[in-house]
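Visitor: Could you walk me through this structure?
Guide: Gladly; have a look at it first, and then we can begin.

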Amino acid sequence: MGNIPNKRSNPVGTNNRLVTLTDKEKLWQLECADKSIPYSKYKTVWTCNFGWLLISHEQVHTKSCISYQFSLWKPKPESESESLEVINLPPLKLKPKQTIVAGNLLSPPGNPGSIMVILFEENLGYIIYYRFGDRQWSSIWFRKEIADYDEDAIEQCSITYCEGKLYAATVEKGYLMVIEEDSSKNLKLSPLNCELPTTFSPWNYRDKYLLDFRGQLICVEFTWGGVNYEDVLDIDVSRLELSGNGKRWVWVESVEDQAFFISENYAFSCPVNEPEIEEGHIYLFRNKRFYSISIKDKSFSASQPVQNLSESKNKPFLFMRDLIRLCNSTQAKPQHPISKLEEGIVIEDNNEARENNLCHLPYDVLGFIAKKLHPVDYFNFRSLCHNFRLVAPCIKWREASFKLQFPSLCPWLVFSRRNSCATHSFIDPHYSSREYLIKIPEDLLHGKVRYSKDGWLLICSPSFMFFYNPFTKETKEFPQGAGEYNCCLSYGLSSSPALDDSILIGNSYDHIYYFCRREGVWIIYHFPDFIYFKRNHNSPIYFGGAFYFLGRDGKVAVFRMNDDGQVSWTILEELESPCDNFCCNYLLECGGNLLSVFVVDQLVYVYKLNLTAVMTWEKVTSLGNHALFVSPLSSFSVISDSSDMKNKVYFPKLYGMEMVYYCLITDKFYTCGNKEILADFNNTTEFLYSTWIEPRWQ
């Protein structure tokens with residue numbers, strides 16, 4: 001990890017101008033240049049290839065046809081004296097019901113007779129193409145070619161040119177097609193007998209992009225969630241591997257020397273040509289936000305919404321210049337100092353140079369000091385010298401042979417930094433400049449953390465569900481059942497997983513899945529008005545004998561099981577959301593009260609549910625001795641024994657190497673270590689599937 005680099009990409013476009021990304025005051029900024037897209041006020045950018053943009057002007061509608069005007073445009077940097085290059089293609093007239101959904105470039109201008117531009121029409125199922133030098137467009141009907149595979153059209157963003165072939169995927173099932181010229185120069189579309197990769201994900205709001213990476217076909221899949229579907233919930237990168245007569249998608253764990261750029265209609269890879277652009281990252285502009293996503297670390301950073309785009313009728317686009325001009329460069333970034341906790345054995349740095357006069361104290365005095373230490377201090381204590389390791393034995397969590405008198409009461413942030421999920425990383429807010437690794441059992445490899453409670457993690461994969469305590473190494477497996485139990489939107493637990501009467505519920509789009517450890521079976525509940533509740537991926541909270549859900553619109557719903565076994569699902573229609581225009585929200589229990597947390601730009605609001613006859617939310621200005629730890633996967637409160645943590649809301653975000661929290665007293669964001677004031681979440685990093693865990697050492 002480390003400070004999030006401030007990026008700048010070769011030009012990013014918005015409405016009728018180019019915009020470039022600059023690093024000003026460590027914030028993502030957009031600056032408009034003076035160059036305008038030529039000749040037209042409203043445009044669509046369909047693709048970027050060979051250093052050219054394929055753009056279309058505003059459509060002209062009549063009763064008999066729809067007229068399109070396509071152009072090729074090659075922007076030039078201001079340092080070059082040559083004029084802008086624009087090639088207007090012949091006008092294209094379509095029937096009123098026909099709609100262009102995608103377009104691509106197969107070759108640059110200047111190759112007479114070659115197919116240069118190809119368009120996909122959705123409603124009637126035509127491929128429309130233009131050969132350089134022709135006076136008009138040509139077309140073929142492709143619907144019959146995909147009828148045996150998919151009844152739908154070609155996916156708009158799943159089209160790319162790679163190694164002389166154009167690859168496209170169908171919308172509904174993701175069947176991959178290849179489009180190329182045969183020996184007679186006729187255009188043909190043929191199935192590749194391969195589907196786009198399908199990843200294990202509980203959410204169905206996804207985008208898939210195809211792109212060319214050094215002659216390999218790459219599929220990038222984003223999963224979105226949150227209040228406005230602006231939160232990155234998951235990211236998977238795969239490449240198509242051809243082996244003999246077989247084809248399969250292989251997981252890509254990292255990318256060297258290049259970065260991926262995602263626009264609305266297309267994607268491309270590009271060598272890292274500036275120090276501010278980092279290799280192995282995906283850069284994306286979506287919903288007025290700029291995202292930087294690390295493929296290797298599974299982390300992302302997002303800007304605040306770019307306000308100056310609000311009145312634009314066009315959408316931003318990304319442009320790649322001719323690769324001939326690009327060169328490779330890399331930039332190292334700082335990392336957390338790391339201690340590893342592997343199979344219950346602590347491995348620390350062995351730095352005898354840090355030895356000091358404490359080493360000369362009697363062994364019984366050193367042992368007394370060691371048992372009084374915070375766990376993180378204990379790890380550091382052992383790393384100082386040989387004598388300290390003699391009096392402070394390595395803690396074997398399975399045997400619990402050596403116990404600390406003051407185990408940590410502060411929640412830790414847990415996440416998996418690597419795609420393999422072989423280790424979990426832990427960061428204590430008190431020592432956020434240091435990161436600890438715990439190797440997880442082989443049975444849990446490739447699982448994802450989905451929930452946390454009382455020191456336990458719920459880890460799910462397509463084939464298993466486990467509760468796992470990373471500190472004691474204890475596991476509790478769920479009985480095998482249908483796969484839908486493993487991929488709910490969110491999970492909630494009534495009590496510690498160690499108790500036999502604990503109840504786990506899973507929240508899906510259509511059902512609630514209910515599991516009681518004592519009964520040992522899953523029960524599925526469906527309610528007629530369940531689909532009307534705007535479900536979020538935040539965890540539900542067990543409060544007052546029922547599970548409470550907080551929706552994307554701030555509404556609350558309650559799932560209750562009565563003593564007679566009857567269940568009910570109630571949307572509290574009379575309880576209005578206490579906040580408007582928020583970007584994220586959380587629900588948790590604190591001191592016997594049900595609290596909600598709403599983040600609005602630069603402010604955080606906390607409310608308490610008044611459970612009178614007429615339920616209302618009351619604003620909270622003080623948490624007393626409590627601190628709140630919130631994340632989409634799980635949120636809870638703790639009674640802080642440190643004045644530094646009281647009246648604060650901790651988020652699963654890092655600024656450089658420091659945790660980020662919000663103080664209710666000052667109404668400002670801060671970093672934990674150096675207390676630096678932050679305006680908002682700009683330039684902070686969040687790891688996918690990260691959450692808070694309460695350490696349970698015994």
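Visitor: Which residue forms a salt bridge with Asp-236?
Guide: Welcome to a predicted model. The closest N and O atoms of this pair are 3.9 Å apart, and a salt bridge here needs them within 4 Å. One partner lies in the loop between S26 and strand S27 (299-302) and Asp-236 in strand S21, so the pair ties together parts that are 62 residues apart in sequence. The partner of Asp-236 is Lys-298.

Visitor: Is Lys-298 buried or exposed?
Guide: Buried means under 20% relative accessible area. Lys-298 has a relative accessible area of 9%, so Lys-298 falls under that cut-off and is buried.

Visitor: And what about Asp-236, buried or exposed?
Guide: The cut-off is the one just used, under 20%. Asp-236 has 8% relative accessibility, so Asp-236 counts as buried.

Visitor: Which residue forms a salt bridge with Lys-448?
Guide: The closest N and O atoms of the pair are 2.7 Å apart. Lys-448 is in strand S34 (residues 448-453) and its partner in strand S21, 214 residues apart, which makes this a link between distant parts of the chain. Lys-448 is buried at 16% relative accessible area, and the partner is buried at 1%. That partner is Asp-234.

Visitor: Which residues are linked with Asp-234 in a network of salt bridges?
Guide: Two pairs have come up: Lys-448 with Asp-234, and Lys-298 with Asp-236. These residues are linked in a network of salt bridges. Besides Asp-234, the network holds Asp-236, Lys-298 and Lys-448.

Visitor: How many residues apart in sequence are Arg-289 and Glu-230?
Guide: Arg-289 forms a salt bridge with Glu-230, with the closest N and O atoms 2.7 Å apart. Arg-289 lies in strand S26 (residues 289-294), while Glu-230 lies in the loop between strand S20 (216-225) and strand S21 (231-243), so the pair ties together parts whose separation in sequence is 59 residues.

Visitor: How many salt bridges does a search of the whole structure find?
Guide: We have met several of them, including Arg-289 with Glu-230 and Lys-448 with Asp-234. For the whole structure, the search gives a total of 12.

Visitor: Let's turn to the rings. What kind of aromatic pair do Trp-46 and Phe-70 form?
Guide: The structure holds 44 aromatic pairs. In this one, the ring centres are 6.3 Å apart and the planes meet at 40°. Planes under 30 degrees apart count as stacked and over 60 as edge-to-face, so the pair of Trp-46 and Phe-70 is tilted.

Visitor: Which residue has its charged end over the ring of Trp-224?
Guide: A charge sits over a ring only if it is within 6 Å of the ring centre and within 35 degrees of the ring normal. Here the charged end is 3.9 Å from the centre of the Trp-224 ring. The residue is Arg-286.

Visitor: Which residues make the nonpolar surface patch of about 200 Å²?
Guide: One member lies in helix H2 (residues 363-371). That residue has 34% relative accessibility and counts as partly exposed, and patch members need over 30%. The patch is made by Leu-358, Leu-361 and Val-365.

Visitor: What percentage of the 698 residues in the chain is buried?
Guide: The secondary structure comes to 4 helices and 57 strands. The accessible surface of the chain is about 29900 Å². Among the 698 residues, the buried share is 57%.

Note on methods: Residues numbered from 1 in each chain as written. Predicted model: local features only at pLDDT ≥ 70, side-chain atom pairs only at ≥ 80, totals over all residues. Heavy atoms only, no water. Salt bridge = Lys/Arg side-chain N within 4 Å of Asp/Glu carboxyl O. Helix = DSSP H or I, 4+ residues; strand = E, 2+ residues; numbered from the N terminus. Buried < 20%, exposed > 50% of the residue type's maximum accessible area, 1.4 Å probe, protein only. Patch = residues over 30% accessible without salt bridge, like charges linked within 9 Å, V, L, I, M, F, W, Y side chains within 5 Å. Areas by Shrake-Rupley, 256 points an atom, 1.4 Å probe, with all protein chains shown as cover. Phe/Tyr/Trp six-rings, centres within 6.5 Å; stacked < 30°, edge-to-face > 60°.
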